[in-house]
Amino acid sequence: MPDGKHKALVLPGAGARGAYQVGVLKAVARLLPPGAPNPFAIIAGTSAGAINAAVLAGRAANFERGVAEMEQVWANFHANQVYRTDALAMLKSSLRWVAALVFGGLGVSNPHSLLDNAPLRELLERNVRFAAIARAIDQGQLDAVAVTASGYATARSVTFFQGRPELKPWVRVRRIGRPARIDIDHLMASAAVPFVFPPVRIGGEYYGDGSMRHRAPLSPALHLGADRMLVIGVRDEQPDPEPAADVAAVEPTLAHLAGYMLDTLFMDGLYTDLERISRTNRIVEQLGPNRLTGSLAELRPIQTLVIAPKEDIRDVAARYAHELPRPVRLLLRGLGANRKSGLQLVSYVLFESGFTRALIDMGYRDALAMEEALRAFLFDQPMDTLYAPAHLKFALDR
């Protein structure tokens, strides 16, 4: 187990925006001694964050090298490494959906998803060292890695965790923690965005993206023993201005609705949970631990550092949307993604190197802008119970 406090790394769902997380982790590696092992006792991820979490867990012996290898993949991404982008695949997908809608279904041939993400499975098979996760735990370089997916049959959030034998499963309303040996199916299930990618069977149940039912995305790290958390968000929290009443409203396109859904799916639960952590910390601080009795005696202050983009990632996506393969651009245009309102969707599926490199650079800059807080977190120095960019901290502390 890493020395000092039980530090956790929390990586939420992100799609192509997961490149931002790589930039932040690159800054973390810069602040650590060369060749240092993984500084996090617990690594918890969901969707694209689950993939990043598993890669890091498999490289726990040398954190810097693990981040460098991760950056190598993300900085040279192309959409065809994640989903099939050829014209035939796009045409077949479109025709199958149209036919299913027109004819009321196609029996066993009904489409299960908009895109075929078989290339992603091949990429993960090459780059995730699943056997090394067990070694990292056995050698004390890691307490646990956790991957969350959503069970379709049971309608609950399931966190699969691999860790030290004394770690216990948990049961809460519509969410459970279950020990498992993390494998490629857990990652594919966690990243199976509904309608976009097909569900994945694990045991007797089909699973989809872990963000769907993950109303408390910080809870797996807490159940696994964290008392300090680094949370890497992928959305700036400056809301768009409210439209003027005398301006004609523009009806949302399918792309706008899909982007809205993904944004809600990936990020809203995270910030709700951060607000809950902030309130709990204030209660513990004001009452003092000696005045908490019964079940409240288990409450403890959780020191949390949040790093999130300062810029609107949709603007970055607009600069690089042309890099998408033409068949994908045509499909997105058909959904209405050529408008600004559709850029939310584009930013989550834009797995192209220009965009991912821009996000890596952004994450690196944003993290180093918070270097003092990041050093305090990493080296177990005193820090605020909640440290976040100014506009976000104001919102969370209200």
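Two strands count as paired here if DSSP finds at least two bridges between them. Helices (H or I, at least four residues) and strands (E, at least two) are DSSP runs, numbered from the N terminus. With that in hand, the tour can start at a hairpin.

This is a predicted model, so keep the thresholds in mind: local features need pLDDT of at least 70, side-chain atom pairs count only at pLDDT 80 or more, and totals for chains, interfaces and linings use all residues. Residues are numbered from 1 along each chain as its sequence is written, and side-chain values use heavy atoms, with hydrogens and water left out.

**Stop 1: the E3–E4 hairpin**

Select strand E3 (144–151) and strand E4 (156–163). They pair in the antiparallel sense over eight bridges, and Ala144 stands opposite Gly163 in E4. Four residues sit between the two strands of this hairpin. Now click on Ala155 in the turn: its phi is near 55°, a positive value in a residue other than glycine. For background, most residues other than glycine have a negative phi.

Stay on E4 and colour by accessibility. Buried means under 20% relative accessible area, exposed means over 50%, and partly exposed is in between (1.4 Å probe, protein chains only). Six of the eight residues of E4 are buried, so the strand is largely enclosed by the rest of the structure. Next, add E6 to the selection: five bridges join E4 to E6, and the two run parallel. Phe161 stands opposite Pro179 in E6.

**Stop 2: Arg213 and Arg174**

Which loop holds Arg213? Look between strand E8 (205–208) and helix H8 (219–223). The C-alpha atoms of Arg213 and Ala155 are separated by 7.7 Å, although the two are 58 residues apart along the chain. Show contacts (heavy atoms within 4.5 Å). Not counting residues up to four places away in sequence, Arg213 touches Ser150, Ala155, Arg156, Ser157 and Arg174. Arg213 is partly exposed, with a relative accessible area of 38%.

Hop across to Arg174, in the loop between strand E5 (170–172) and strand E6 (175–179). Here is another positive phi in a residue other than glycine, near 60°. Arg174 is partly exposed too, at 46% relative accessible area.

**Stop 3: helix H6**

Select helix H6 (residues 130–138) and pick out its buried residues: Phe130, Ala132, Ile133, Ala134, Ala136 and Ile137. What covers them? The cover includes helix H2 (48–57), E3, E4 and helix H7 (184–190). Just after H6, look for Gly140, which takes a positive phi of about 80°.

**Stop 4: strand E9**

Move on to strand E9 (residues 228–232), where five of five residues are buried. In a regular strand the side chains alternate between the two faces of the sheet. In E9 both faces are covered, with Arg228, Leu230 and Ile232 on one side and Met229 and Val231 on the other.

Bring in the partner strands one at a time. Strand E1 (residues 7–11) runs parallel to E9 and is joined to it by four bridges; Leu9 stands opposite Leu230. Strand E10 (residues 303–307) pairs with E9 in the parallel sense over five bridges, and there the bridge partner of Ile232 is Ile307.

**Stop 5: H1 against H13**

Hide the strands and show helix H1 (residues 18–31) with helix H13 (residues 353–368). They pack at an angle of about 45°, with their axes 6 Å apart. Axes are lines fitted to C-alpha atoms, for helices over the stretch in contact, and angles run from 0 to 180 degrees between N-to-C directions. Angles under 35 degrees count as roughly parallel, over 145 as roughly antiparallel, 65 to 115 as roughly perpendicular and the rest as oblique. H1 and H13 are therefore oblique to each other.

Among the H1 residues that meet H13 are Ala19, Val22, Gly23 and Ala27; the H13 side of the interface includes Thr356, Leu359, Ile360 and Gly363.

**Stop 6: Gln344**

Finish in helix H12 (residues 343–349), on Gln344. Buried or exposed? Gln344 counts as buried, at 14% relative accessibility. Leaving aside neighbours within four places in sequence, Gln344 is in contact with Arg17, Gly259, Tyr260, Asp263 and Arg314. Draw a distance from the side chain of Gln344 to that of Arg17: a polar contact of 2.7 Å joins them. (A polar contact is a pair of N or O atoms within 3.5 Å; within protein, one must be able to donate a hydrogen and the other to accept it, and residues adjacent in sequence count only if both atoms are side-chain atoms.)

**Zooming out**

Show the whole chain again: 15 helices and eleven strands. Of its 398 residues, 54% count as buried.
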